[in-house]
Amino acid sequence: MNKMKLSIVRSGGRLLLVSFLTTLLIRCNSNEEIVQPIEYNHYVHFNDVGLDCTDCHLGVEDKINATIPTIEICSSCHEDMNGESEAEAQVVEAVSNEDEIPWQRIYVLPDHVFFSHRRHVKSGKISCKVCHGEVENLHSPPRKQIVPITMGRCMKCHDNKSISNDCITCHV
Ligand code: HEC
Ligand code: HEC
Ligand code: HEC
Ligand code: HEC
Ligand code: HEC
């Protein structure tokens, strides 16, 4: 083998190794546990305060993204303390400083996949529970996806409901 060929083989090998490691990294990341900056409590807001999912996740019925609420939404009730928890004190402080709380997303699809909440929640009438589990019973933020998002899960439901499973239905 001449030098030229050998170097191509070598760099090809390196490329493979790099893409293999990148894939591994992405996979590890998606299993990593995420700790949110404040111990938000879904149970209290849904069951005791009586808020609905749509009061905070404003886009969920008519947009692509459900959205995570901004501090403006919290500020309507948290200018002063309602209870005594440390977590609420952090929210009251963020409200008074007009700081956004740096929530991290747990449910995130890769850029090559298209998903719309409106289509599923409004047109498809699928409840949040099917894809996110019983969020209303959570006393602290989920640390990872309760119901993992996988292509297999999307396709299984589409099959059951006779929705297209052509690659271009979901991949852009
Ligand atoms: C008072 C506002 C509020 C209400 C009401 C609310 N949420 Fe949330 N939700 C949040 C906040 C803040 C976060 C980010 C912190 C966390 O994960 O707990 C969040 C996070 C989530 C997430 C995780 C998103 C991600 O990718 O990290 C899901 C799923 C979710 N909410 C679903 C629901 C459902 C279902 C309901 C109704 C049963 C609901 N929420 C009601 C404020 C709210
Ligand atoms: C058919 C499955 C499905 C249903 C039903 C569903 N979601 Fe989601 N949700 C997803 C997927 C998939 C993502 C990730 C989307 C992305 O990355 O583009 C997501 C992301 C989210 C997020 C993260 C923030 C964002 O803007 O994407 C929140 C919050 C959320 N969903 C709340 C809800 C609530 C509340 C309901 C019910 C009213 C609901 N979802 C119903 C599948 C679903
Ligand atoms: C409609 C009013 C209302 C809105 C909007 C609201 N909250 Fe609350 N929240 C309350 C009340 C009332 C309590 C006190 C409940 C108790 O102590 O029994 C509370 C309690 C809390 C607590 C303490 C929970 C615990 O376990 O003791 C946190 C943290 C919190 N809220 C965060 C938020 C955040 C973040 C937002 C914005 C995304 C928000 N809240 C929006 C009414 C609201
Ligand atoms: C529990 C069932 C269910 C799950 C899970 C589900 N879907 Fe769907 N999906 C539906 C239904 C029902 C429709 C048709 C909604 C309507 O009536 O417009 C749909 C429609 C769609 C459409 C529009 C199809 C078209 O022909 O225009 C896309 C894109 C889509 N889904 C992507 C996804 C992706 C990506 C996932 C996984 C992250 C997913 N879906 C998970 C039930 C599901
Ligand atoms: C109903 C929606 C849907 C359809 C239809 C679909 N996919 Fe996917 N696909 C997804 C979602 C969601 C992901 C990201 C989550 C995952 O990797 O499981 C994904 C991920 C992928 C990936 C990346 C996998 C990885 O390991 O990173 C490839 C490659 C792929 N799809 C190919 C295809 C091909 C080829 C088809 C057609 C035969 C197809 N998909 C049809 C939803 C879909």
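In the predicted model, a polar side-chain atom of His57 lies 2.8 Å from a nitrogen atom of ligand 1. Two further polar contacts of ligand 1 involve the backbone, for an oxygen atom of the ligand is 2.8 Å from a polar backbone atom of Ile106, and an oxygen atom of ligand 1 is likewise 2.8 Å from a polar backbone atom of Tyr107. Among the elements of secondary structure, those that give two or more residues to the shell around ligand 1 are α2 (42–48), α3 (53–56) and α7 (128–132), and the most is given by α2, which contributes three residues. In total, 23 residues surround ligand 1, the closest being His42, Cys53, Cys56, His57 and Tyr107. By residue class, the shell around ligand 1 comprises 14 nonpolar, six polar and three charged residues.

The iron atom of ligand 1 is coordinated by the NE2 atoms of His42 and His57, at 2.0 to 2.1 Å. The six donor atoms around this iron atom subtend angles of 87 to 179 degrees, and the arrangement is therefore octahedral. The two histidines link distant parts of the chain, with His42 placed in helix α2 and His57 in the loop between α3 and α4 (71–75), 15 residues apart. For six octahedral donors, the ideal angles at a metal are 90 or 180 degrees. With respect to accessibility, His42 is partly exposed, having a relative accessible area of 23%, and His57 also counts as partly exposed, at 24%.

A second iron site is found in ligand 4, where the protein donors of the iron atom are His120 and His158, each through NE2, lying 2.0 Å from the metal. Here the six donor atoms subtend angles of 88 to 179 degrees, which makes the arrangement around the iron atom of ligand 4 octahedral. Because His120 lies in helix α6 (residues 117–123) and His158 in helix α8 (residues 151–160), the pair ties together parts that are 38 residues apart in sequence. In terms of accessibility, His120 is partly exposed, with a relative accessible area of 24%, whereas His158 counts as buried at 12% relative accessibility, since burial is assigned under 20%.

The surroundings of ligand 4 consist of 17 residues, of which the closest are Arg119, His120, Cys154, Cys157 and His158. A polar side-chain atom of Arg119 lies 2.6 Å from an oxygen atom of ligand 4. The two iron-binding histidines also appear among the polar contacts, for a nitrogen atom of ligand 4 is 2.8 Å from an N or O atom in the side chain of His120, and a polar side-chain atom of His158 lies 2.9 Å from a nitrogen atom of the ligand. At least two residues of the shell around ligand 4 are supplied by each of α6, α8 and α9 (167–170). The shell around ligand 4 divides into 10 nonpolar, five polar and two charged residues.

Apart from the ligand sites, charged side chains were examined for pairing. Side chains of opposite charge can pair when their charged atoms come close. With a side-chain nitrogen of Lys or Arg required to lie within 4 Å of a carboxyl oxygen of Asp or Glu, the count comes to one salt bridge. This salt bridge joins Lys129 to Glu136, with the closest N and O atoms 3.1 Å apart. Lys129 counts as partly exposed, at 41% relative accessibility.

How values were computed
Residues numbered from 1 in each chain as written. Chains lettered and ligands numbered in written order. Predicted model: local features only at pLDDT ≥ 70, side-chain atom pairs only at ≥ 80, totals over all residues. Heavy atoms only, no water. Donors = N, O, S within 2.8 Å, 3.2 Å for Na, K, Ca; no water. Tetrahedral: all angles 85-135°; square planar, octahedral: opposite > 155°, others 65-115°. Helix = DSSP H or I, 4+ residues; strand = E, 2+ residues; numbered from the N terminus. Buried < 20%, exposed > 50% of the residue type's maximum accessible area, 1.4 Å probe, protein only. Near = heavy atom within 4 Å. Polar contact = N/O pair within 3.5 Å; in protein donor to acceptor, adjacent residues only side chain to side chain. Nonpolar A, V, L, I, M, F, W, Y, C, P; charged D, E, K, R; others polar.
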